Amino acid sequence: MIAVIDYGAGNLFSVKNALDFLGIENKITAKAEDLKSADKLILPGVGAFPDAMKMLEKSGLIGTIKAEAAKKPLLGICLGMQLLFQKGYEFGETEGLGFIEGSVKLMTPENLPIPQIGWNSLEFNEPCRLLQNCKNGDYVYFVHSYAADCPSKNVAAYCDYGMKVPALVFSGNVYGAQFHPEKSGDVGLEILKSFCSL
Amino acid sequence: MLAKRIIPCLDVRNGKVVKGVNFEGVKDVGDPVELAVEYNRQGADEIVFYDITASYEGRGVMLDVVRNTAKQVFVPLCVGGGISSVEDFRDTLRAGADKVSVNSQAVKNPKLISDAAEIFGSQCVVVGIDAKRNGKGGYSVFINGGRVDMNLDLGDWVKEISERGAGEICLNSIDTDGVRGGFDIEMLNFVCERVKIPVIASGGCGKLEHFSEVFEKTNSSAALAASLFHFKELTIGEVKRHLAEHNISAR
């Protein structure tokens with residue numbers, strides 16, 4: 001069972017719809033025991049970094065997420081991906097979950113609108129199992145204003161938005177997608193499927 | 001690099017997709033969920049449902065369409081038509097829409113744009129505009145499906161929309177809509193020069209070449225079409241291949 005972590009921030013239902021469509025057992029949950037009994041965890045998120053961290057703290061799940069992510073795969077999506085880093089700089093500095101080295105900063109592309117909204121192509125970097133059924137150049141759907149600033153060794157794929165934006169990151173058991181796999185058509189579904197079959 | 005998007009638009013009345021050559025000649029062309037699934041299969045980058053039902057009951061039916069589509073189609077869904085409040089935004093997003101489009105109500109109550117952007121984020125606020133040449137070298141904004149002239153200058157309106165935090169503009173030219181002679185390049189350039197947010201071209205597309213033309217001659221981010229796709233004159237796949245042949249980045 002995949003536990004989709006419900007901490008009050010996010011597009012939980014589109015993630016659930018995608019998992020249901022793939023026939024993958026899943027549960028939207030805010031309970032620590034579900035996170036413990038799950039095979040894998042998904043951390044969604046839409047909104048701002050500090051609010052989301054506050055809500056995660058309020059949920060009381062941070063300790064469980066940290067303990068479980070040492071044993072089983074965790075996938076953060078969009079803001080959920082950004083929370084995986086050490087720090088976020090959206091409305092001041094906020095401490096993140098610290099699974100992956102680096103921080104999250106406002107994008108500063110020249111002559112391009114913020115947020116980035118739309119389909120951008122993946123540029124493969126480090127080999128990653130989540131991309132096993134994808135091709136370099138496949139398009140995925142992004143909606144974001146902030147981006148990770150992190151070592152290249154943790155980046156499975158970048159996208160080009162006037163700057164190199166980490167699109168898919170990983171470190172050990174922990175994976176993060178800046179794009180929305182649940183809104184990225186067949187490519188996104190393949191990435192979710194690859195995560196669920198880790 | 002961001003791909004240029006191809007967006008099919010489905011006009012939905014009482015849960016059925018309809019397409020009218022004119023307002024009297026509206027005919028059913030099918031089930032919206034099935035059509036959305038088919039467009040998704042063809043490679044649509046986004047799907048727009050436009051609710052042309054005027055009744056309260058119709059809204060519920062529309063939300064069911066969105067809910068059922070969101071279970072089978074995994075590309076962004078945008079819903080417009082009759083959205084007049086923050087509550088309408090919330091209901092529509094909760095049903096599974098990723099974006100909500102407002103048109104006449106935004107002209108009547110521009111604060112709706114800023115309120116929705118603040119609560120739900122700019123990325124989900126699309127402002128639709130129906131505009132027409134005013135005979136004095138400029139363009140005027142119309143509402144109620146292009147029937148009522150608001151004496152509102154298009155340049156002023158797009159600036160306000162953008163300042164209020166809209167995420168995108170969908171520009172429909174009344175001058176070219178239904179004529180099938182191509183998108184309104186002039187009007188699109190007029191708007192693209194004035195805002196940084198993405199502009200979706202709508203109205204006037206009649207053949208394959210019009211898609212490459214709009215991306216070669218304007219900075220539009222997306223092109224929207226309805227009848228061409230409904231009546232199977234073109235598939236979205238054909239449009240994508242055409243764009244690729246013209247070295248226009250497409251998914």
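Begin in chain B by selecting B:D51 together with its contacts, which, leaving aside residues up to four places away in sequence, are B:V12, B:G58, B:R59, B:M62, B:G80 and B:G81. The model on display is a predicted one. With the backbone shown as a cartoon, B:D51 appears in strand β4 of chain B, residues 47-51. Its relative accessible area is 3%, and because buried denotes a value under 20%, B:D51 belongs to that class.

**Two helices of chain B**

Next, select residues 185-192 and 208-217 of chain B, which are the helices α7 and α8. Two packed helices are described by the angle between their axes and the distance between the axes. Here the angle is about 35°, and the axes of α7(B) and α8(B) lie 10 Å apart. The crossing of α7(B) past α8(B) is right-handed. To display the contact, show side chains for B:I185, B:L188 and B:N189 on α7(B), and for B:E213, B:V214 and B:K217 on α8(B). Colouring the contact between α7(B) and α8(B) by class gives three nonpolar, one polar and two charged residues.

**The eight-stranded sheet of chain A**

Move to chain A and display the open sheet of eight strands, whose order is β2-β1-β3-β4-β14-β13-β12-β9 and whose pairing is mixed. Strands β2 (26-29) and β9 (123-124) of chain A form the edges, each pairing on one side only. Helix α1, residues 12-21 of chain A, packs on this sheet and touches β1 (2-5), β2, β3 (40-43) and β4 of chain A. The direction of α1(A) makes about 165° with that of β2(A).

Within the sheet, select β13 (residues 164-171) and β14 (residues 174-177) of chain A, an antiparallel pair joined by four bridges. A useful position to label is A:L168, which stands opposite A:A177 in β14(A).

**The four-stranded sheet of chain A**

Now select the strands of the other sheet listed here: an open arrangement of four strands in chain A, ordered β6-β5-β7-β11, with mixed pairing. Strands β6 (94-95) and β11 (146-149) of chain A stand at its edges; each has a single partner strand, so one side of each lacks a neighbour in the sheet. Strand β5 of chain A, residues 85-88, runs antiparallel to β6(A) and is joined to that strand by two bridges. Label A:K87 and A:E95 to see them standing opposite one another, the latter in β6(A).

**Backbone geometry in three loops**

The last stops concern the backbone. Most residues other than glycine have a negative phi, and most peptide bonds are trans.

- Select A:C78, in the loop between β4 (74-77) and α5 (79-82) of chain A. This residue is not a glycine, yet has a positive phi of about 55°. A:C78 is buried, with a relative accessible area of 7%.
- Select A:I114 and A:P115, which are joined by a cis peptide bond with omega about 5°. A:P115 is placed in the loop between β7 (100-106) and β8 (116-121) of chain A.
- Return to chain B for B:N144, in the loop between β8 (139-143) and β9 (148-153). Phi is near 55° at B:N144, a positive value in a residue other than glycine. Is B:N144 buried or exposed? The relative accessibility of B:N144 is 32%, and the residue counts as partly exposed.

Notes. Residues are numbered from 1 along each chain as its sequence is written. Chains are lettered from A and ligands numbered from 1 in the order in which they are written. This is a predicted model: local features need pLDDT of at least 70, side-chain atom pairs count only at pLDDT 80 or more; totals for chains, interfaces and linings use all residues. Side-chain values use heavy atoms; hydrogens and water are left out. Buried means under 20% relative accessible area, exposed over 50%, partly exposed in between (1.4 Å probe, protein chains only). Contact means heavy atoms within 4.5 Å. Two strands pair if DSSP finds at least two bridges between them. Axes are lines fitted to C-alpha atoms, for helices over the stretch in contact, and angles run from 0 to 180 degrees between N-to-C directions. A crossing is left-handed if the near helix is turned anticlockwise from the far one by less than a right angle, and right-handed if clockwise. Ala, Val, Leu, Ile, Met, Phe, Trp, Tyr, Cys and Pro count as nonpolar, Asp, Glu, Lys and Arg as charged, and the others, Gly among them, as polar.
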